[in-house]
Amino acid sequence: MIVRALGLIAGAALVLLPLAGVPYTTTLLLPAFGYAVALLGLNLLFGSTGLLSFGHALFIALGGYTAAALTGRFGVRSLELVLLAAALVAALVAVPIGLLCVRYVKIYFGMLTLAFGMLFYSFLYKFYALTGGDEGMRVLRPMLLGRPLEHLDTVAYLTGPFYYYALGVLVVAALVMRRLVGSPFGLSLRSIRENAAKAESLGIGVRRCRLAAFVVAAVFGAIGGVLLVVPTGLADPLLAYWTHSGNLVFMLLLGGFDHFLGPVLGALVFILLQDSVMSLTSYWRFVFGAILAVIVIFFPRGLMGLLDARRAAAS
Amino acid sequence: MTALLEATDVRKSYGDTLALDGVSLRVDAGEFVSIIGPNGAGKTTLVNVLTGLTPPSSGRVRFKGTDVAGVGPARLARLGMARSFQLVTIFPALSVADTLAVAALSRLRRSTRPFAALSRDADVRAAVDEVAALFGLHDKLERAARTLPQGDKKLLDVASAFALRPDVILMDEPTSGVSTADKTTIMQTLVHAATASSPSTRAACSPTPRPTRSVPMPTS
């Protein structure tokens, strides 16, 4: 009840924000939308399937670089096409990586995903001719729904049409994910998380389901990655760096991984918190470390767990 | 007529330890077979080999006439061979209804449907209700499995195997790990459920009431 009411208020606030005349806050939220999409996918892997990836930033970077390559090198400016291409590229890359990773669970899965993430980071960093090395690649402003919107300056573009576009992508992503989680496939994933041997004895193809979750998570990650690089106009290797993957896990724990909307809340709060703490102290990483410790020790179900205490008592 | 389940001279060794020393077993439709033997005789190993969880070192296992070698437990379960475990094996955080739904979906070949709404699947709902009623779990459908009393957890473990509507169900010590007071009730529920539901054959690794025959484990 409370969660639903707060959710409606938050949703309304997000829709009305661009009209409030606070462009700084409005642009600030844009990365939160990208992260939220990526985290919805990551949470299918972690919250539903029980596999914690420490290399999910790989797919964010993949989305970002796909956007850069298409808009900058190949002159494809339609954001719909860019999103579609990013999803396809992510799926193609995720299948072979996933085939290797889902043979393992727990820390071994985590370390292997971390390894692939770092491998991709090195690739982006070293293959200068292809990726621009540490300078990264420029992402040109894409057209939205076929409209070039060239009359708008960057701030007006980002706080207006692009804001709503990104919010729309997030809403669609959340609806798709909700459908997935409530489907037989979603239940199969949860049964694997709870007891893989038992799931297998009941006829669930454990590895195939894990692989499917991995690929879906990758696709969501790449779509989130596209949304992340449009506001900054740049895809750089740090997108794939392991600390970026670590931030994703932080956001997930912050929001709460056992609630469907936990990832979205985590992304929003993380971005707002990062902005306010960074403006207060240069030791913001210290503050974030302390927050993470407090969450893990005292609020393992994250912020959503706090809001939704009733459900916690029931289960 | 081909046997439903047939093991021929199955051996299984772990390093120097010989767990199964030439077990042969034939189970036909309609039988209720007890596999008996002292601790360490290899009963659980036999179940693991029969269900494809571990491959035998030598010998072969045929299920409905086909060799189960390399088929794997998931596909065997879909082909009609179900098992329950010696130690209570459940999905701790899933509700009773969801646990049974996993098996029902697997039987209906719907486990991987990504966009269907599970809550609106009438077939699954009916299957869950049916099995839950059979095992006396119908008033606990929404409870998380981990909050059930030990005896009910054991029943849920077996009930989910029954929900596959298998041709053969192998129960590994279906009354182990529950109090002596609960054992009789559980066994009665199991026998009742087995008689009332579809599996044509049941094999249990423990003395059961009214077996059609008992198979002792060969000991070396």
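**Confidence, contacts and backbone in a two-chain model**

Student: In chain B, which element has the lowest confidence and which the highest?
Tutor: Confidence in chain B is expressed as a mean pLDDT (the predictor's confidence in each residue, from 0 to 100), and the elements are DSSP runs numbered from the N terminus (helices H or I, at least four residues; strands E, at least two). The lowest mean, 62, belongs to strand β8 (residues 201–204) of chain B. The highest, 95, belongs to helix α3 (residues 96–107) of chain B.

Student: How does chain B score on average, and what are the ipTM and pTM of the model?
Tutor: This is a predicted model, in which local features need pLDDT of at least 70 and side-chain atom pairs count only at pLDDT 80 or more, while totals for chains, interfaces and linings use all residues. Residues are numbered from 1 along each chain as written, with chains lettered from A and ligands numbered from 1 in written order. In chain B, 91% of the residues score at least 70, and the average pLDDT is 84. The scores for the model are ipTM 0.87 and pTM 0.91.

Student: What percentage of the residues in chain A is buried?
Tutor: Chain A comprises 15 helices and 2 strands, and its C-alpha atoms fill a box of roughly 60 × 45 × 40 Å along the principal axes. A residue counts as buried if 20 or more other C-beta atoms, placed from the backbone, lie within 10 Å of its own, exposed if 12 or fewer, and partly exposed in between. Of the 315 residues in chain A, the buried portion is 49%.

Student: Among the contacts in chain A with a separation of 6 or more, what share joins residues 24 or more positions apart?
Tutor: A contact requires C-beta atoms, placed from the backbone, to lie within 7 Å. Among the contacts in chain A with a separation of 6 or more, the share for residues 24 or more positions apart is 78%.

Student: Which element gives the largest share of the side of chain A that touches chain B?
Tutor: On the side of chain A, 24 residues are in contact with 30 residues of chain B. Elements of chain A that give two or more residues to this side are α7 (154–181), α8 (184–194), α9 (196–201) and α10. The largest share, 7 residues, comes from α8(A).

Student: Is M81(B) buried or exposed?
Tutor: M81(B) belongs to strand β6 (residues 81–84) of chain B. Leaving aside residues up to four places away in sequence, M81(B) touches T51(B), F63(B), L76(B), P166(B), D167(B) and V168(B). Because M81(B) has 29 C-beta neighbours inside 10 Å, this residue counts as buried.

Student: How far apart in space are M81(B) and V61(B)?
Tutor: In sequence, M81(B) and V61(B) are separated by 20 residues. Their separation in space, C-alpha to C-alpha, is 13 Å.

Student: What is the phi of L149(A)?
Tutor: L149(A) is found in the loop between β1 (137–138) and α7 of chain A. Its 15 C-beta neighbours inside 10 Å explain why L149(A) counts as partly exposed. Although L149(A) is not a glycine, its phi is positive, at about 55°.

Student: Near what value is the phi of D9(B)?
Tutor: D9(B) lies in strand β1 (residues 5–14) of chain B. With 13 other C-beta atoms within 10 Å, D9(B) is partly exposed. D9(B) is a residue other than glycine, yet its phi is positive, near 50°.

Terms used: Contact = placed C-beta atoms within 7 Å.
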